[in-house]
Number of protein chains: 2
Amino acid sequence: MNIGEAATQAGLPAKTIRYYEDIGLVKPGRDANGYRAFIASDIHKLTFLARARALGFSIEDCRDLLALWEDTGRASADVRQIAEEHLARIESKIADLGTMRDTLRVLVRDCAGDDRPDCPILQTLGNPS
Amino acid sequence: MNIGEAATQAGLPAKTIRYYEDIGLVKPGRDANGYRAFIASDIHKLTFLARARALGFSIEDCRDLLALWEDTGRASADVRQIAEEHLARIESKIADLGTMRDTLRVLVRDCAGDDRPDCPILQTLGNPS
DNA sequence: CATAGGCCTTCCCGTCACTGGAAGGTCAAG
DNA sequence: CTTGACCTTCCAGTGACGGGAAGGCCTATG
């Protein structure tokens, strides 16, 4: 299977797949003409990667998860730890963004948004004492 | 005022201030020895930038906000639009992260996290049909 | 006066996970 | 035989800095 169909199957851009090969996440074979030749297990890996990335895992997390996935003797604790740390980072980011959102909502609400120059948004940014 | 104290006053790393000068957000003068010389208005701008960045505005948003801030004849509608668009992006990102968090929570909850290899996290990533 | 060390300067590379684009090879259809 | 859709590699850019090297400047102390 060429990279185009692999991309379709895995739901990833071809560029991304080439990048994943560059950094050693997948190692497809090659046809005589130099084209990458993806087999079922490559597609399976790419699909795994696409899903892990969609859950926000970093590339390095993905590399570790992939290794654990392929190691049938792994301990689930190792997987769980990666997921828990990632979950904590996500929750922390959500909290940060929630704070920003609350502040912005107040500012937007209080801004007339008309032709006049008075603007609590700029006022707050410039002098929030 | 040298960059070190400017950094302290504005609550920004010196490196960041140099970067802001590079991209034209601030234009401090120079002393005879080549050192940057920050005056009160520079500090005020940097403080403005630090706050806008803390609210998650992009550098380009900050550039626009700064221009509006300095234009005393601006229309508050222009400011409000930038803030509203940013707010929408934040809310969208919060929603995305919330979805990730929910999925991850379920996966982590269902994973024993012990020495055994069974792991619903890897199972889901590999075969979430 | 020399020196130590704490500022400051510029410059360049690295981050993260791609994305865009150029220049060129390959393949199937008409 | 040409067209156009694929494929290849390589290089550069993204956003918003951070690290670190190489070197100049300033102040305080011996």
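**Notes on a two-chain model with DNA**

1. Let's start where the two protein chains meet: 52 residues of chain A are in contact with 53 residues of chain B, contact meaning heavy atoms within 4.5 Å. Please keep in mind that this is a predicted model, in which local features need pLDDT of at least 70, side-chain atom pairs count only at pLDDT 80 or more, and totals for chains, interfaces and linings use all residues. Residues are numbered from 1 along each chain as its sequence is written, chains are lettered from A and ligands numbered from 1 in the order in which they are written, and side-chain values use heavy atoms, leaving out hydrogens and water.

2. How much area do chain A and chain B bury between them? The figure is about 4,300 Å², with 73% of it on carbon and sulfur atoms. Buried area here is the accessible area (1.4 Å probe) that two parts lose on being put together, summed over both. On the chain A side, A:Leu104, A:Leu122 and A:Leu125 lose the most area to chain B, together 16% of what that side buries.

3. Polar links cross this interface too. There are 20 residue pairs in polar contact between chain A and chain B, both residues at pLDDT 80 or more. A polar contact is a pair of N or O atoms within 3.5 Å; within protein, one must be able to donate a hydrogen and the other to accept it, and residues adjacent in sequence count only if both atoms are side-chain atoms. The side of chain A that touches chain B draws two or more residues from each of helix H3 (40-54), helix H4 (59-70), helix H5 (76-110) and helix H6 (120-126) of chain A. Helices (H or I, at least four residues) and strands (E, at least two) are DSSP runs, numbered from the N terminus. H5(A) provides the largest share of that side, 21 residues. By class, the side has 28 nonpolar, twelve polar and twelve charged residues. In this scheme Ala, Val, Leu, Ile, Met, Phe, Trp, Tyr, Cys and Pro are nonpolar, Asp, Glu, Lys and Arg are charged, and the others, Gly among them, are polar.

4. Two salt bridges are found across the interface of chain A and chain B, a salt bridge being a side-chain nitrogen of Lys or Arg within 4 Å of a carboxyl oxygen of Asp or Glu. The side chains of B:Glu91 and A:Arg105 meet in a salt bridge, at 2.7 Å from N to O.

5. Now for the DNA. Which residues are closest to DNA strand C? Of the 19 residues that surround this strand, the closest are A:Lys15, A:Tyr20, A:Arg53, B:Gly4 and B:Arg36; a residue is near a strand if one of its heavy atoms lies within 4 Å of it. Sugar and phosphate make up 68% of the atoms of DNA strand C that come within 4 Å of the protein. A polar backbone atom of B:Gly4 is 2.6 Å from a phosphate oxygen of DNA strand C, and a polar side-chain atom of A:Thr16 lies 3.2 Å from a phosphate oxygen of that strand. H2(A) gives the most to this surface, with four residues.

6. DNA strand D is also surrounded by 19 residues, the closest being A:Gly4, A:Arg36, B:Lys15, B:Tyr20 and B:Tyr35. Here 73% of the strand's atoms within 4 Å of the protein belong to sugar or phosphate, and the rest to bases. A polar side-chain atom of A:Arg36 lies 2.7 Å from a phosphate oxygen of DNA strand D, while one of B:Lys15 lies 2.4 Å from a base oxygen of the strand. H2(B) supplies the largest share of this surface, four residues.

7. Over all chains, the whole structure holds 20 salt bridges. In one of them, the side chains of A:Arg89 and A:Asp61 meet at 3.2 Å, N to O. A:Arg89 lies in helix H5 of chain A and A:Asp61 in helix H4 of chain A, so this pair ties together parts that are 28 residues apart in sequence. Are these partners buried or exposed? A:Arg89 is partly exposed, at 46% relative accessible area, whereas A:Asp61 is buried, at 12%. Buried means under 20% relative accessible area, exposed over 50%, and partly exposed in between (1.4 Å probe, protein chains only).

8. Finally, B:Arg80 forms a salt bridge with B:Glu84, with the closest N and O atoms 2.9 Å apart. B:Arg80 and B:Glu84 are separated by about one helical turn because they are four residues apart in helix H5 (residues 76-110) of chain B.
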